[in-house]
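Q: Please take a close look at how aromatic rings are paired here, and explain each term with its cut-offs as you go.

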Amino acid sequence: LKARAKMVTKFLNSMKNIKCNEAEGAMYAFPSIKLSDKVVEVSNGKPDLFYCLEVLKHTGIALVPGSGFGQKPGTYHFRITTLILPEEKLQDRLEALKKFNDEFHAKYESRGNL
């Protein structure tokens with residue numbers, strides 16, 4: 001489980017606008033995500049929820065928005081599990097998340113905000 005958590009953390013840190021500390025437990029990672037003002041605007045003030053719902057809609061991956069965990073105002077996070085088995089499937093899902101994330105940020109990017 002520890003190796004899988006390290007793999008997820010390393011992968012998340014390779015993604016645009018995502019930063020993840022090393023997972024302290026073996027089940028979940030809690031990365032932060034930078035979201036543009038445009039995302040805040042179209043999300044009715046719930047950008048982390050909007051991001052998570054878009055991920056689910058486009059990839060089938062269920063993330064939990066950080067707002068459910070009491071994040072600081074103006075910061076955004078999500079929780080992702082590291083328990084997807086087998087590891088090949090975990091790698092496949094991470095690749096799908098990365099593809100989605102790149103497309104999402106390209107669509108909602110506003111200059112100077114990211």
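A: The structure, which is a predicted model, holds nine aromatic pairs, where rings of Phe, Tyr and Trp (its six-membered ring) pair if their centres lie within 6.5 Å. Residues are numbered from 1 along each chain as its sequence is written, and side-chain values use heavy atoms, with hydrogens and water left out. Local features need pLDDT of at least 70 and side-chain atom pairs count only at pLDDT 80 or more, while totals for chains, interfaces and linings use all residues.

One of the pairs joins Tyr-28 and Phe-30, whose ring centres are 6.4 Å apart and whose planes meet at 55°, so this pair is tilted (planes under 30 degrees apart count as stacked, over 60 as edge-to-face and the rest as tilted). Tyr-28 is partly exposed, with a relative accessible area of 31%, and Phe-30 is also partly exposed, at 46% (buried means under 20%, exposed over 50%, partly exposed in between, with a 1.4 Å probe and protein chains only). Elsewhere, Phe-50, Tyr-51, Phe-78, Phe-100, Phe-104 and Tyr-108 form one aromatic cluster.

An aromatic residue also takes part in a contact between two helices (DSSP runs of H or I, at least four residues, numbered from the N terminus), H1 (residues 2-13) and H4 (residues 87-108). On the H1 side, Phe-11 is joined by Arg-4, Met-7, Val-8 and Leu-12, and together these residues meet Glu-87, Leu-90, Gln-91, Leu-94, Glu-95, Leu-97 and Lys-98 in H4, contact meaning heavy atoms within 4.5 Å.

Technical notes
Axes fitted to C-alpha atoms, helices over the stretch in contact; angles between N-to-C directions.
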